[in-house]
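Morning, everyone. Please look at the sequence and the model on the screen before I start.

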Amino acid sequence: GSALPDDQKGSAVMFAHARTGLFSRLDELLEGDSIYILGRNTWYKYKVFKKIYVFPTETSFLKENYGRSLILFTCYGPLDEKRVIIISKYIDGEGI
């Protein structure tokens, strides 16, 4: 299963549709960009370190150990034939 942002280890994994108000601009994130996620009562900061494009059947990226991290993904392409995956690392002590 997926970790939660409040967990001290593991990867929190989130998927949303590539629609306005959801992940429509996810593919625009670049290495080094910051992502803020609200946990139960705390904001958490992550820094993008990897962006990959995969076919829907490819899941090997979920098996890698990224430490405390956040993995975001959504459909990509004219017919949603691929997925864009954003992998980011937790930045300790830098929440809002």
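First, a term: two residues are in contact when they have heavy atoms within 4.5 Å of each other. Take Ile-52 as a try-out. Leaving aside neighbours within four places in sequence, Ile-52 is in contact with Phe-61, Arg-83, Val-84 and Ile-85.

Now some ground rules. This is a predicted model, where local features need pLDDT of at least 70 and side-chain atom pairs count only at pLDDT 80 or more, while totals for chains, interfaces and linings use all residues. Residues are numbered from 1 along each chain as its sequence is written, and side-chain values use heavy atoms, with hydrogens and water left out.

Let's do the strands. Strands, written E, are DSSP runs of at least two residues, and helices, H or I, are runs of at least four, numbered from the N terminus. Ile-52 sits in strand E3. Its C-alpha atom is 6.8 Å from that of Ile-86, although the two are 34 residues apart along the chain.

How do E3 and E5 pair? They are antiparallel, over eight bridges. Pairing here means that DSSP finds at least two bridges between two strands. One such bridge joins Tyr-53 to Val-84 in E5. E4 also runs antiparallel to E5, with eight bridges joining them. There, Ile-71 has Ile-87 in E5 as its bridge partner. The hairpin of E4 and E5 has five residues between the strands, and Gly-77 in that hairpin takes a positive phi near 105°.

Next, burial. Buried means under 20% relative accessible area, exposed means over 50%, and partly exposed is in between, using a 1.4 Å probe and protein chains only. E5 is mostly covered, with seven of its nine residues buried.

That brings us to the cores. A nonpolar core is a set of buried Ala, Val, Leu, Ile, Met, Phe, Trp, Tyr and Cys residues joined through side-chain atoms within 4.5 Å. In soluble globular proteins, nonpolar side chains tend to be buried together. Which residues touch the most other members of the largest core? They are Leu-26, Leu-29, Ile-35, Tyr-46, Leu-70, Leu-72 and Ile-86, out of 15 residues. Strands E2 (34-38), E3 (43-54), E4 (69-76) and E5 (82-90) each supply at least two residues of this core. Apart from it lies another core, of seven residues, among them Val-54, Phe-61, Ile-71 and Ile-85.

Look at Tyr-46 for a moment. Beyond four places in sequence, its contacts include Pro-5, Ile-35, Leu-70 and Tyr-90. Ser-69 is another of its contacts.

So what about Ser-69? This residue lies in strand E4. It counts as buried because its relative accessible area is 1%. Its side chain makes a polar contact with the side chain of Ser-11, at 2.6 Å. A polar contact is a pair of N or O atoms within 3.5 Å; within protein, one must be able to donate a hydrogen and the other to accept it, and residues adjacent in sequence count only if both atoms are side-chain atoms.

On to charges. Lys and Arg count as positive, Asp and Glu as negative, and His and the chain ends are not counted. A salt bridge is a side-chain nitrogen of Lys or Arg within 4 Å of a carboxyl oxygen of Asp or Glu. How many salt bridges are there by this rule? Two.

One joins the side chains of Arg-40 and Asp-6, at 3.3 Å from N to O. The pair links distant parts of the chain: Arg-40 is in the loop between E2 and E3, and Asp-6 is in the segment before strand E1 (11-15), 34 residues apart. Arg-40 counts as exposed because its relative accessibility is 58%. Asp-6 is buried, at 17%.

The side chains of Glu-28 and Arg-25 also meet in a salt bridge, at 2.9 Å. Arg-25 sits in the loop between E1 and E2. At 58%, Arg-25 is exposed, and Glu-28 is partly exposed, at 46%.

Last stop: Arg-68, in the loop between E3 and E4. Is Arg-68 buried or exposed? It is buried, yet it has no salt bridge, and the nearest side chain of opposite charge, Asp-92, is 5.2 Å away. What does its side chain reach at 3.0 Å? The backbone oxygen of Asp-7. The Arg-68 side chain also makes a polar contact with the side chain of Gln-8, at 3.5 Å.
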